[in-house]
Amino acid sequence: MLVEVIDTYELMSQRAAEIVAEQVHRKPTSVIGFATGSTPKRLYELLIQEHDERGLDFSKVTTFNLDEYVGLPPKHDQSYHYYMWENLFNHIDVNPSNVHIPHGMADDIDHFCAWYEEQIEAAGGIDLQILGIGANGHLAFNEPGSSLGSRTRIKTLTEKTVKDNARFFDDPDMVPEYAITMGIGTIMEADRLLLVASGERKAQAIRNTLEGPVTAMCPATIVQLHQHSHIIIDKDAATALDYRHHHGIAEPKE
Ligand code: F6R
C-alpha cells in the first residue's frame, strides 16, 4: 500500500492523472476501471486536457465502471452513464464499444451481473481501477456490511443514501432504491488500485481505511490487502491519521 498525502485537491488530481496517463502510455490497450462522484471530476478534466494537448490516446483502452443505479435510463442526468459521457468519454477518443457501465435498465439483473463479470475476465482483467471512498467507508456501492468477497450484484441502497440522493431528483419516484455494483472481490482482482479522497469529510473513513483493522464494516479497508494499492489523498482528508507525517505530509510536525 503506497500512501501519498498531497497538499491540495488540484495537486492530488494532477498526481492521479499522471498515473492514469502513464498507464495508458505504457499499455495503450489498458483496461481501466472508472469511478463516478465528485472526487474524480478534476482528474477526468485533466485526462481530457492530456488528450487534447498531448494526444493521450484512449482509442484502444477498454473501460469498466464500478456501479450504476437500477431503474435509471442512461440518458437520465443522475445516471452514471450520463456522468461518464458528460465528464469524460464524450471528450476523448474512447471507442464506445469498449465502454462498459452497468446497465441499470437490464431486464434480468442477475444475468447482467454475471455477464459483466465475464466481460471483465474476457478483457483480461482490470489493469488499473480508480476508486473513491464514501464518508462511511463504502467502495463503489459496497456499503458497510458488504461481503469482502462479493462479486458484481444488485444492492439495496441504505435509507440514508436514498434520502441524500432525493435532492438531485425532480420526481421523488425516480430516486433509485437499488444499484448494480462491482463487488469487493471483483475490485480486488484489478492489478492496481488507485484510490483518491479529498476533504475533511473523508478524514475518518481514510483513518479507518489506512490505520484500522480490515473489516466489512468499512469495506475500503480491503485496500490494505492489495499488493498494488496506491492511495492519494489531500491534506484535509489526512487530518485524522495518526501516522500522517510518516506518509510524507508537507507540513511541519507539531
Ligand atoms: C462512485 C462510487 C462511490 C464514490 C463515493 C465517493 O462510482 O463508486 O463509491 O466513489 O461515494 O463519492 P464522492 O467522490 O462524490 O465523495
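1. In this note, a residue is taken to surround the ligand if one of its heavy atoms lies within 4 Å of the ligand. The structure under discussion is a predicted model.

2. By that criterion, 14 residues surround the ligand. The closest are Ser 38, Thr 39, Asp 67, His 138 and Lys 202. The space that the ligand takes is the largest pocket.

3. Several polar approaches to the ligand may be pointed out. A polar side-chain atom of Thr 39 lies 2.5 Å from an oxygen atom of the ligand. For Ser 38, a backbone N or O atom lies 2.8 Å from an oxygen atom of the ligand. Arg 201 also takes part, with a polar side-chain atom 3.4 Å from an oxygen atom of the ligand. On its own, the ligand has 410 Å² of accessible area, and the protein covers 87% of this.

4. A further residue to examine is Thr 221, which lies in the loop between helix H7 (203-211) and strand E10 (229-234). Is Thr 221 buried or exposed? Thr 221 counts as buried because its relative accessibility is 0%, and the cut-off for that class is under 20%.

5. The surroundings of Thr 221 can be described residue by residue. The side chain of Thr 221 reaches the backbone nitrogen of Thr 215 at 2.9 Å. When neighbours within four places in sequence are left aside, Thr 221 is in contact with Asn 208, Thr 209, Pro 213, Val 214 and Thr 215. Thr 215 therefore appears both in this list of contacts and as the partner of the Thr 221 side chain.

Methods: Residues are numbered from 1 along each chain as its sequence is written. This is a predicted model: local features need pLDDT of at least 70, side-chain atom pairs count only at pLDDT 80 or more; totals for chains, interfaces and linings use all residues. Side-chain values use heavy atoms; hydrogens and water are left out. Helices (H or I, at least four residues) and strands (E, at least two) are DSSP runs, numbered from the N terminus. Buried means under 20% relative accessible area, exposed over 50%, partly exposed in between (1.4 Å probe, protein chains only). A polar contact is a pair of N or O atoms within 3.5 Å; within protein, one must be able to donate a hydrogen and the other to accept it, and residues adjacent in sequence count only if both atoms are side-chain atoms. Contact means heavy atoms within 4.5 Å. Accessible areas come from the Shrake-Rupley method with a 1.4 Å probe; for residues, only the protein chains shown count as cover. On a 1 Å grid over the protein atoms alone, a cavity is a set of points where a 1.4 Å probe fits but cannot get out, and a pocket is an open set with protein on both sides within 12 Å along at least five of seven lines; lining residues have an atom within 4 Å of a point. A molecule sits in a cavity or pocket if more than half of its atoms lie within 2 Å of its grid points.
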